[in-house]
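Biologist: I'm new to this one, so could you walk me through a few of its features?
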Amino acid sequence: MGKKIIIFDTTLRDGEQSPGCSMNNKEKLQFAKQLERLNVDVIEAGFAASSPGDFESVKSIAEEMKNSTVAVLARAMKNDIDKGWEAVKNAVSPRIHTFIATSDIHMQYKLKMAPEDVVKRAEEMVAYAARFSPEVEFSAEDATRSDPKFLAHVFDRVIKAGAKIINIPDTVGYTTPDEYFQFIMEIRKRSEYLDKAIISVHCHNDLGLAVANTLAAAKAGATQFECTVNGIGERAGNAAMEELVMIMDTRKDIYGYECNIKTEEIMKTSSLLTRITGVHVQPNKAIVGANAFAHESGIHQHGMLSHEKTYEIMTPESIGLSKSKMVLGKHSGRHAFKERIESLGYDLDKDELDLAFVQFKELADKKKEVFDRDIEAIVSKRAIESPETYKLVRYVINSGNTITSTAAVTLETSEGREEKVATGDGPVDASFNAIVKFLDTEISLEDYSIQSVTEGTDALGEALVRIKAADKKYTGRGLSTDIVESSIAAYLAAVNKMLEDRRMMQDEQEN
Ligand code: KIV
Ligand code: ZN
């Protein structure tokens with residue numbers, strides 16, 4: 001067996017820091033459950049000390065995970081470590097991940113601390129965290145712009161103080177594969193204790209080298225990869241997990257590494273993240289982009305028909321991308337539906353199954369053929385939704401190429417039904433303008449997209465909407481065979497999320 005690589009997923013922490021990728025607590029928990037199905041070794045659930053909401057989210061993830069280690073990020077400060085430990089202490093396998101910057105530029109201008117004080121703080125805080133947590137990880141922020149001699153000294157001190165995992169991040173995405181390899185080798189040579197710890201690598205993608213740098217670090221001895229699904233993360237993002245995993249899987253002949261990831265769960269995890277954040281991956285993104293397995297040119301198609309391996313280095317099935325299969329129709333019963341859901345790998349409780357079955361029946365009435373991907377779209381919608389403060393009752397559109405579009409939208413709240421009418425540039429814009437009239441708050445539309453789930457004019461249209469209100473962003477998703485309806489549903493989902501967030505903030509202030 002080859003060298004074992006630990007996959008440390010930081011989608012919920014570093015990934016969530018990226019523009020437009022914020023998630024609410026329910027969404028984070030749902031995503032964490034999918035990370036466990038993917039068989040991730042370590043889930044970095046968040047930065048508990050940053051807000052009461054983050055604390056609650058890390059705590060609930062720690063309490064729900066059955067197998068994965070749950071890590072919490074904490075600056076090298078007592079208060080952060082206390083809060084972090086409080087949040088993860090009930091996990092089956094908890095970890096405190098503490099960090100401090102070690103480059104001259106960060107120590108001088110950001111921390112305003114002398115190098116020896118940084119070492120002392122790192123050592124003291126690792127020792128403090130180790131009093132509670134069975135696993136302590138230490139990160140030297142901006143490691144790749146730090147002096148390797150100084151880093152070796154810091155690492156020796158924190159390992160003696162109790163750190164079991166040492167992370168050497170390329171925080172600003174500055175290094176290159178050859179340089180990184182030499183850098184880690186040099187630190188190993190200079191350090192007395194580093195080889196007793198697990199060496200971890202955490203790369204940002206500012207120069208597009210995050211994955212290549214991660215693999216170079218592995219050659220230099222790193223056995224933990226820190227990465228994110230779809231490569232989301234600060235600025236240009238982090239090393240993409242799906243790329244690292246499929247490189248290890250496809251090029252075992254070169255690397256000989258093993259990891260625990262169930263590759264068949266990759267596509268589902270990537271799509272779930274897109275649905276939650278509303279941020280699509282580019283079509284030509286390696287592994288999970290819409291074109292990653294599409295063969296357009298005649299020469300390629302001919303080759304593929306003769307033998308799949310002519311142009312395909314890995315199969316779509318290996319990442320869980322099934323060919324669209326017609327599975328059920330409008331006469332299919334609950335039992336057949338349940339079996340299909342289970343065979344797709346979903347585990348629904350009774351209420352979720354009841355709801356999904358109703359939605360399936362509604363869809364089967366409108367659509368001739370229902371495919372696996374339609375069912376996945378219905379099922380992955382569950383649990384993301386916030387309480388429906390505003391519920392769509394009906395909408396009537398008057399639109400055409402020679403008239404201004406008008407939408408009359410009727411919504412229901414606990415106080416009854418009301419209709420608002422607005423005009424706009426097309427039916428979707430008019431509908432959104434009508435919904436805005438229900439609200440006494442300013443919101444702006446940040447992003448709107450619609451994609452069909454399968455082929456054909458009767459396909460389900462999946463709309464994703466991102467709105468901004470008082471500097472916070474909220475995403476919503478809508479699903480319907482009618483694109484105006486899915487757009488309205490997505491917009492309302494985002495509005496309902498915003499209202500729930502405000503209610504929660506008010507509750508926090510009152511308590
Ligand atoms: O990029 C970075 O250095 C980080 C650390 C906190 C690990 O995200
Ligand atoms: Zn980072």
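Modeller: Sure, here are some questions and answers about it.

Modeller: This is a predicted model, where local features need pLDDT of at least 70, side-chain atom pairs count only at pLDDT 80 or more, and totals for chains, interfaces and linings use all residues. Residues are numbered from 1 along each chain as its sequence is written, chains are lettered from A and ligands numbered from 1 in the order written, and side-chain values use heavy atoms, leaving out hydrogens and water.

Biologist: How far does helix 7 reach from its first C-alpha to its last?
Modeller: Helices (H or I, at least four residues) and strands (E, at least two) are DSSP runs numbered from the N terminus. Helix 7 covers residues 177–190, which is 14 residues. The expected span is 1.5 Å times one less than the number of residues. That gives an expected 20 Å, and the helix comes close to it, reaching 20 Å.

Biologist: Where do the buried residues of helix 7 fall, seen down its axis?
Modeller: Buried means under 20% relative accessible area, exposed over 50%, and partly exposed in between (1.4 Å probe, protein chains only). The buried ones in helix 7 are Tyr180, Phe183, Ile184 and Ile187. Taking directions from the helix axis to the C-beta atoms, these buried residues fall within an arc of 90°, so they line one face of the helix.

Biologist: Which exposed residues sit on the face of helix 7 turned away from its buried side?
Modeller: The buried side has cover that includes helix 6 (148–161), strand 8 (198–202) and helix 8 (210–219), with contact meaning heavy atoms within 4.5 Å. The face turned away carries Asp178, Gln182 and Lys189.

Biologist: Which helix gives the largest share of the lining of the second largest cavity?
Modeller: A cavity is a set of points, on a 1 Å grid over the protein atoms alone, where a 1.4 Å probe fits but cannot get out, and lining residues have an atom within 4 Å of a point. There are two cavities of 30 Å³ or more, and the second largest holds about 50 Å³, its volume being the space filled by probe spheres set on points joined across faces, edges and corners. Its lining includes Leu38, Met241 and Ile266, and the elements giving it two or more residues are helix 9 (241–250) and helix 11 (266–277). The largest share, three residues, comes from helix 11.

Biologist: Is Thr274 buried or exposed?
Modeller: Thr274 lies in helix 11. Leaving aside neighbours within four places in sequence, Thr274 is in contact with Asn230, Val279, His280 and Leu464. With a relative accessible area of 10%, Thr274 is buried.

Biologist: Which residues is Asp501 in contact with, leaving aside its neighbours within four places in sequence?
Modeller: Asp501 lies in helix 17 (residues 483–510) and is buried, at a relative accessible area of 19%. Its C-alpha is 9.8 Å from that of a residue 29 places away along the chain, Lys472. The contacts of Asp501 are Lys472 and Tyr474.

Biologist: What is the phi of Arg235, roughly?
Modeller: Most residues other than glycine have a negative phi. Arg235 lies in the loop between strand 9 (224–227) and helix 9, and is partly exposed, with a relative accessible area of 44%. Although it is not a glycine, Arg235 has a positive phi of about 50°.

Definitions and conventions
On a 1 Å grid over the protein atoms alone, a cavity is a set of points where a 1.4 Å probe fits but cannot get out, and a pocket is an open set with protein on both sides within 12 Å along at least five of seven lines; lining residues have an atom within 4 Å of a point.
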